[in-house]
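Q: Please take a close look at the loops of one chain, and explain what sets particular residues in them apart. A formal account for a newcomer would be welcome.

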Amino acid sequence: MVDAPHPTVSMPTQRSCPFDPPDGYTPLRAQERITRMSYPDGSPGWLITRHAEAKELLTHKSFSARQEGIISPVPTELQYDGRPADPGAFAKTDDPIHSQYRKLVTGFFTVRRTRQLAPMIERIVHEQLDDLEKAGPGADLVEVFTESVPSRVMCEMIGVPESERKTLQRHVETLGRLSCTVPEALAAVSGMSGFLSRFVPARMDDPRDDLLGDLIRGGQLNEQELMGMAATLITGAFDTTGNMLAMGVFTLLEHPDQLAKLREDPELMAGAVEELLRFLTISHLGASRWALEDVEFAGQAIKKGEVVTVALPAVNRDPERYNNPDQLDIGRTDHGHLALGHGVHQCLGQHLARTILRVGYEALFDRFPTLRLTVPGDEIPMRDDFVHYGPRSLPVTWDD
Amino acid sequence: MRITADREVCCAAGQCALIAPDLFDQSDEDGSVVLLEAQPDAGRLDTLREVVSRCPTGAIRIEEDPGA
């Protein structure tokens with residue numbers, strides 16, 4: 001077999017338009033082979049930008065999601081340095097350990113159960129929109145609405161008191177910022193684990209009627225595992241859906257023809273949510289796996305230990321998979337995007353996210369039909385140095 | 001046409017219940033696939049192909065009728 005080419009490419013991250021993936025993906029996706037990529041620590045690995053190869057990689061038994069082998073595809077001080085995941089933090093483990101943990105909570109996140117949460121979500125959405133009304137024109141939609149709704153929903157599901165929520169939100173924010181320094185990260189981690197080490201034992205003594213209470217009564221997890229599970233749910237739910245909610249609003253305001261179409265036919269909402277997930281794919285760094293053994297994949301010899309990163313935003317714009325991939329079309333019926341991943345690690349909270357997005361967009365555009373940005377779209381500051389992409393703020397106004 | 005669903009392979013992502021709620025549900029206990037209708041009308045083939053394609057773990061299979 002031919003030796004793999006010397007990597008010359010690093011992960012593209014610069015975007016010329018906030019609604020499109022980094023420009024550098026387009027020429028890579030047009031190449032015949034998967035891309036040989038250099039990771040910031042100097043190690044050689046691979047980048048996937050096409051849909052078919054992404055699906056294959058994310059279900060391939062020779063590749064692992066275990067934290068100890070993952071290195072960041074972009075420069076950051078936030079590295080795992082070979083540390084395995086904490087007990088209960090199943091997202092960065094493989095089966096069978098992964099599924100043993102995940103199956104304890106999947107029952108809470110089914111299509112049916114998450115739709116049953118709609119009244120709770122509607123209440124939270126409307127309370128935050130009351131705050132928006134009180135804040136008045138000029139308010140920052142991110143601060144008042146989009147970052148608050150998903151965090152309030154998850155806190156309510158696991159029983160985290162409202163008084164702790166904003167602090168936890170800051171910690172999650174810090175840990176998702178690629179420019180975060182080691183001391184900043186350690187402070188955020190210790191803030192989060194400090195809270196959980198008070199909160200989880202207190203709930204173990206007095207389990208409530210919520211998701212965490214059910215896990216405690218199930219009796220299969222010890223204190224450390226319950227803390228790891230709670231941390232996974234908090235970090236998985238907060239800034240993911242928050243940024244998607246904000247990006248969706250920003251995108252619809254900047255694509256008035258699509259927003260008008262949605263207003264005309266509210267039945268389009270479910271499909272609009274799917275199309276916004278595909279089109280925006282806020283997972284800025286995609287999903288990474290590492291080879292458990294020497295393996296031939298997509299015609300290339302991948303060496304044991306090499307990391308492969310799937311550029312999810314690029315994959316969801318693959319012209320071999322979608323007609324007019326760069327066009328936002330809320331009437332599109334061909335979904336099957338990879339915005340929420342693929343394989344056994346596909347997003348646990350995806351149906352909760354769908355419900356929050358649907359309820360959130362409906363209520364916002366219903367109550368604020370004249371909603372608009374106070375500055376031109378190209379002046380909106382973007383989170384281009386975060387694990388999840390989105391606007392840092394969205395100053396909005398409306399007619400009373 | 002006959003559908004099979006492997007609950008051991010299923011990771012409870014719920015794509016099937018999202019796309020075809022009349023044919024698939026998820027268990028309350030762990031969210032794994034529950035087959036509501038194993039032999040649907042042949043007219044549902046396109047929907048079922050989408051379910052198979054979007055199932056993240058390949059837990060759903062279709063056996064098409066011979067000669068159909």
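A: The following account considers loop residues of chain A in a predicted model.

The loop between β3 (63-64) and α3 (97-102) of chain A contains A:Pro96. The peptide bond leading from A:Asp95 to A:Pro96 is cis, with omega near 5°. The loop between β3 and α3 also holds A:Asp81. A:Asp81, a residue other than glycine, has a positive phi, near 50°. Because a residue with 12 or fewer other C-beta atoms within 10 Å counts as exposed, A:Asp81, with 7, is exposed. As background, most residues other than glycine have a negative phi, and most peptide bonds are trans.

A positive phi is also found at A:Asn324, where the value is near 45°. A:Asn324 is placed in the loop between α14 (312-315) and α15 (350-367) of chain A. A:Asn324 counts as exposed because it has 10 C-beta neighbours inside 10 Å.

A further loop, between α12 (256-264) and α13 (269-280) of chain A, includes A:Leu268. A:Leu268 is partly exposed, since 16 other C-beta atoms lie within 10 Å. Leaving aside residues up to four places away in sequence, A:Leu268 touches A:Lys261, A:Leu262, A:Ile330 and A:Gly331. From A:Leu268 to A:Glu143 the separation is 125 residues in sequence and 28 Å in space, C-alpha to C-alpha.

Finally, chain A also meets a partner: 15 residues of chain A are in contact with 17 residues of chain B. On the side of chain A that touches chain B there are three nonpolar, ten polar and two charged residues.

Note on methods: Residues are numbered from 1 along each chain as its sequence is written. Chains are lettered from A and ligands numbered from 1 in the order in which they are written. This is a predicted model: local features need pLDDT of at least 70, side-chain atom pairs count only at pLDDT 80 or more; totals for chains, interfaces and linings use all residues. Two residues are in contact if their C-beta atoms, placed from the backbone, lie within 7 Å. Ala, Val, Leu, Ile, Met, Phe, Trp, Tyr, Cys and Pro count as nonpolar, Asp, Glu, Lys and Arg as charged, and the others, Gly among them, as polar. Helices (H or I, at least four residues) and strands (E, at least two) are DSSP runs, numbered from the N terminus. A residue is buried if 20 or more other C-beta atoms lie within 10 Å of its own, exposed if 12 or fewer, and partly exposed in between; C-beta atoms are placed from the backbone.
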